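Biologist: Could we go through this fold together before I return to the bench? I would like to begin with what is enclosed and then turn to the sheet.

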Amino acid sequence: MVETLEKERIDIYHKRNTCFVGIDMHKDAHCAVVIDCWMNKLGEINFENRPSRFPAFVEDVRKICGIKEIVFGLEDTRGFGRNLAAYLVGRKFEVKHVNPAYTSAVRLANPIIYKDDSYDAYCVARVLRDMVDTLQDAKHEDIFWTIRQMVKRRDLIVKSNVMNKNQLHSQLAYSYPSYRKFFAMIDSKSALCFWENYPSPEYIWNTTPEEIYQTIKPVHQALKIQRIHEIISMIERDGDTRKDYQPERDFIVRNIVKDIRHNKELIAEIDDELRKLIPLTGYKLHTMPGIDLVTEAQIISEIGDINRFPDSDKLARFMGLAPVQFSSAGKGKDQRCRNGNRALNAIFHFLAIQMVAVSTSGKPRHPVFREYFEQKVKEGKNKPQALVCVARRLVRIIYGMMKTRTEYRPFEKADDKN
């Protein structure tokens, strides 16, 4: 009891001698508000988001705080605020990452809700003052940040290619009504070569099947001349599809094909860079069946340093996989959490689907996880609930692999204790 009172006394003394600096982050400029332990506003500083302006900002904060200790709270330490957070951490300041949900709750708690940069920064400072002992320290390991940027860049290019393929589908439907039967994939190497050289049937009638075969053969070694004859037969059955301004329409098809091919090259280059970067983290998630390079990079980009999480339960709660208790007056039950890191949640959800998948021949892709899934169904859970159980087990295993920097080992009973 005496030790507890002494600790509380020390904490109160420490807070009385501390200034809390909340910073609202933006692309071009930041707004900082300084408060004391009684939540009195001591000052406000607006400064440009440029490293050359950071020393002057720190000096202004020192003038406001005097001899008191300084704690900084930043809402965004991975985006617009990353440079400032790295600067402050590098100069041995205490820097905390403030979850935007906390500042939003402070803002909504007021009878009259309003929003501007100054008030947002004040809300950040309020949260910092109340939760300084529980907020996460801002840590900056460039390798995780770089992997995250590459994953984001790759995702953007993939989305762009999806749009390109949709446009290509639309254009080909006019010239080749049966185009879906020509090739297994509209963006395969052989298909792109065909669309680029023969964007409309007019080009087919001006050549021979042998010349078409020789054109596509270099990118599709297994191609047979019979397949070319089959494609030509389908085109003949489609009938006359010529329209006005056909050369311009052909230009659109070729332009889309070039864009798709270029994006594929960019994706391949990013994958090469990821293959070089990921081993430097020490993680070996690719050794687990079902996790390829892209999935591994996505998991690492969202989790970062695994030491942020003391155990797998915290990681599951971070991604919204752990159930949340909703109750009142002693009545209630656990419900599915719809908050947390939804991107990471989606990754584990689709990974769980892959683990329990069964091939057309009836053979499970991963027998152990399939058996675990069926066991949960027999226990009375529906399939979505059983899938969550599989995802939760994946969290335990992957957490253990990341924590110990080890390769995947076949499932053992001991894994349940990770």
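Modeller: One cut-off first: a residue is called buried when its relative accessible area is under 20%, and exposed when it is over 50%. Please also keep in mind that this is a predicted model.

Biologist: Understood. How many of the six residues of strand E4 are buried?

Modeller: Five of the six residues of E4, which spans residues 69-74, are buried, so the strand is largely enclosed by the rest of the structure.

Biologist: Which strands pair with E4 in the parallel sense?

Modeller: Strand E1 (residues 18-24) pairs with E4 in the parallel sense over six bridges. Strand E5 (residues 94-97) is also parallel to E4, with four bridges.

Biologist: Which residue of E4 is the bridge partner of Gly22?

Modeller: Gly22 has Gly73 as its bridge partner in E4. Towards E5, Phe72 stands opposite Val95.

Biologist: Through which helix does the chain cross from E4 to E5?

Modeller: The path goes through helix H3, residues 82-90, and this β-α-β crossover is right-handed. H3 lies across E1, E2, E3, E4 and E5, and runs at about 155 degrees to E4.

Biologist: Let us widen the view. What is the order of the strands in the sheet?

Modeller: The order is E3-E2-E1-E4-E5-E6; these six strands form an open sheet with mixed pairing. E3 and strand E6 (136-137) stand at the edges with a single partner strand each, so one side of each has no neighbour in the sheet.

Biologist: And E2 with E3: parallel or antiparallel?

Modeller: E2 and E3 pair in the antiparallel sense, over seven bridges. Within that pairing, Ala32 stands opposite Ile45 in E3. Helix H2 (residues 54-65) packs on the sheet, where it touches E1, E2, E3 and E4, and its direction makes about 170 degrees with that of E3.

Biologist: A change of topic: backbone angles. What is phi of Met39?

Modeller: Phi of Met39 is near 65 degrees, a positive value in a residue other than glycine. Most residues other than glycine have a negative phi. Met39 lies in the loop between strand E2 (29-35) and strand E3 (41-48), and is partly exposed at a relative accessible area of 28%.

Biologist: What about Lys92, buried or exposed?

Modeller: Lys92 counts as exposed, because its relative accessibility is 77%, and the cut-off is over 50%. Lys92 is found in the loop between H3 and E5, and its phi is positive, near 65 degrees.

Terms used: Residues numbered from 1 in each chain as written. Predicted model: local features only at pLDDT ≥ 70, side-chain atom pairs only at ≥ 80, totals over all residues. Heavy atoms only, no water. Buried < 20%, exposed > 50% of the residue type's maximum accessible area, 1.4 Å probe, protein only. Helix = DSSP H or I, 4+ residues; strand = E, 2+ residues; numbered from the N terminus. Pairing = 2+ DSSP bridges. Right-handed = clockwise from strand over helix to strand, strands pointing away. Contact = heavy atoms within 4.5 Å. Axes fitted to C-alpha atoms, helices over the stretch in contact; angles between N-to-C directions.
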